Structure formats: structure tokens, C-alpha cells
Amino acid sequence: MVTSIPKLIIIMGPPGSGKGTQAQLLKEKYSCNYIATGDLVREMYKKAATGDPLGLEVKKRYDRGEPQPDDIILKFVRQKLITIDTQRGIIFDAFPLSEAQARGLDEIIKDFKLDKPVAINIKVGEEDVVQRLSLRKYCPKDNSVYYPKSPTYDSNKCEKCGKGLIRRADDEAGVVRKRYKKYIDRINVLVMYYEKRNQLISINGEQSVEKVASEIEQRLSTYQSDYAQK
Ligand SMILES: [Zn+2]
């Protein structure tokens, strides 16, 4: 990452906000590390097959649909950080997800001598999320996701394997609204946490991918000077 960009970025946004796409764009542009706690959990899940005790514990909760406890998530993040070059910068996706995790991250930052994080909050309203997710289609074979802009959306075919696309029950409006409310409750705690510390950037996510990306870049590049003025 170039020096004017914060080296530790937390990206937050509701399901359907395009958070994953934006994280990917940042990763490519600044060639920094990308750490999604979902990936870390899945890696550990796979270890269950080898009889790894922690892997088995993770699998048990995962299969029941229970979230992993904060201390487990923090442990995975620490383990991951040992294996990467932190000087290249880091983007955290879906982490932290609670105040305990945010505090844990502050400890990690001290221990690993990392920069202060800046949290990017991609804001999308409930109606927009409901609309976006209700239009989403999937490939039943490889789980690729398709939106109306995708070239093969209308023909209902997967670009990778040609299978017919399907919709999912959890993308139905009622389910999405419930998930959205849960998400907002969760994220508000973190928004307050980082706002209090002057470490929050809010972005209007109800714009095109390109517009959101350029706004994020612009805010990140002036972040240090904006912050210094406060
Ligand atoms: Zn496919």
C-alpha cells in the first residue's frame, strides 16, 4: 500500500451491499492482504476431517448454524497474521463483528505493532437490500452469484458451467428484512466504537460499484490529513 493510505482497513456493509466486491477492488489496487473471518472459519472446519480438536469444535457450531465465539475468532486472526507480511497492509472483511472483537483487535494491533484501523461503513437502506437480494440468482453447482447486470442473468445460465440458475429461500423479502435488522443491531455497536475514535468513514452504498469504489479511494487518500485536522 502507498503510504498515504491507512494500512489497516475494516470493511463493513449489509448483505448485498457489494462489500465483498469493494474489498476485492482495494486488494487488487493496493496489493494488500485480505482477511475474511468466514474463510478462516472454513479453513478450520476442514481440519475437523483430520481429527484436529479445534477443527471439530468449530465444525460442531458451524453445522448447528451457531456463530463462533469471539475468543476463537480472535485466535484465528492472530494465527493468520503470523503467516502474512503485515507491512503490505490488511483489509478485514466481516471482522470485527462485536465490541469484544473490536477490543481484541486493538490488543492485536499493539502486539503486532500495526497501524490504527480505519473502518469503512458501506451504508445501504433496508429497501435497497431487499430489492438487490430478491433479484439475486445462484448456480446450484458452484454457488456463483448473479445480479441483473450479469450478461447471462436473463438467459438463466451459469457463465462458468452452463447450469440453470436458481433463487434461494433466504433471499425472500421477509427473511432478508429479518437479517437486515440483525445486521444493523450488530453494526451499530461497531459504528459507535469507531466513530468515537475518529476512525470511521461512511460511504453511500446506494450508487454504482464504480462510484462507491472511487468514493472509498478518495476518502482513504485524504483520511490521514482529515484525521490530523480533528
Ligand atoms: Zn455454475
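**Exercise 1.** Determine which residues of helix α4 are buried, and how they are arranged about the helix axis.

*Solution.* Step 1. Ile73, Leu74, Phe76 and Val77 are the buried residues of α4, a residue being buried if 20 or more other C-beta atoms lie within 10 Å of its own, and exposed if 12 or fewer do, with C-beta atoms placed from the backbone. Helices (H or I, at least four residues) and strands (E, at least two) are DSSP runs numbered from the N terminus.

Step 2. Viewed down the axis of α4, the directions to the C-beta atoms of its buried residues fall within an arc of 160°, so these residues line one face of the helix.

Step 3. Asp71, Ile82 and Thr83 are the exposed residues on the face turned away from the buried side.

The model is predicted: local features require pLDDT of at least 70, side-chain atom pairs count only at pLDDT 80 or more, and totals for chains, interfaces and linings use all residues. Residues are numbered from 1 along each chain as its sequence is written.

**Exercise 2.** Establish how strand β3 (residues 90–93) is paired and covered.

*Solution.* Step 1. β1 and β3 run parallel and are joined by 4 bridges; strands pair if DSSP finds at least two bridges between them. Here Ile9 stands opposite Ile91 in β3.

Step 2. β2 also pairs with β3 in the parallel sense, over 4 bridges, and Asn33 stands opposite Ile90 in β3.

Step 3. Both faces of β3 are covered: Ile90 and Phe92 are buried on one side, Ile91 and Asp93 on the other. In a regular strand, side chains alternate between the two faces of the sheet.
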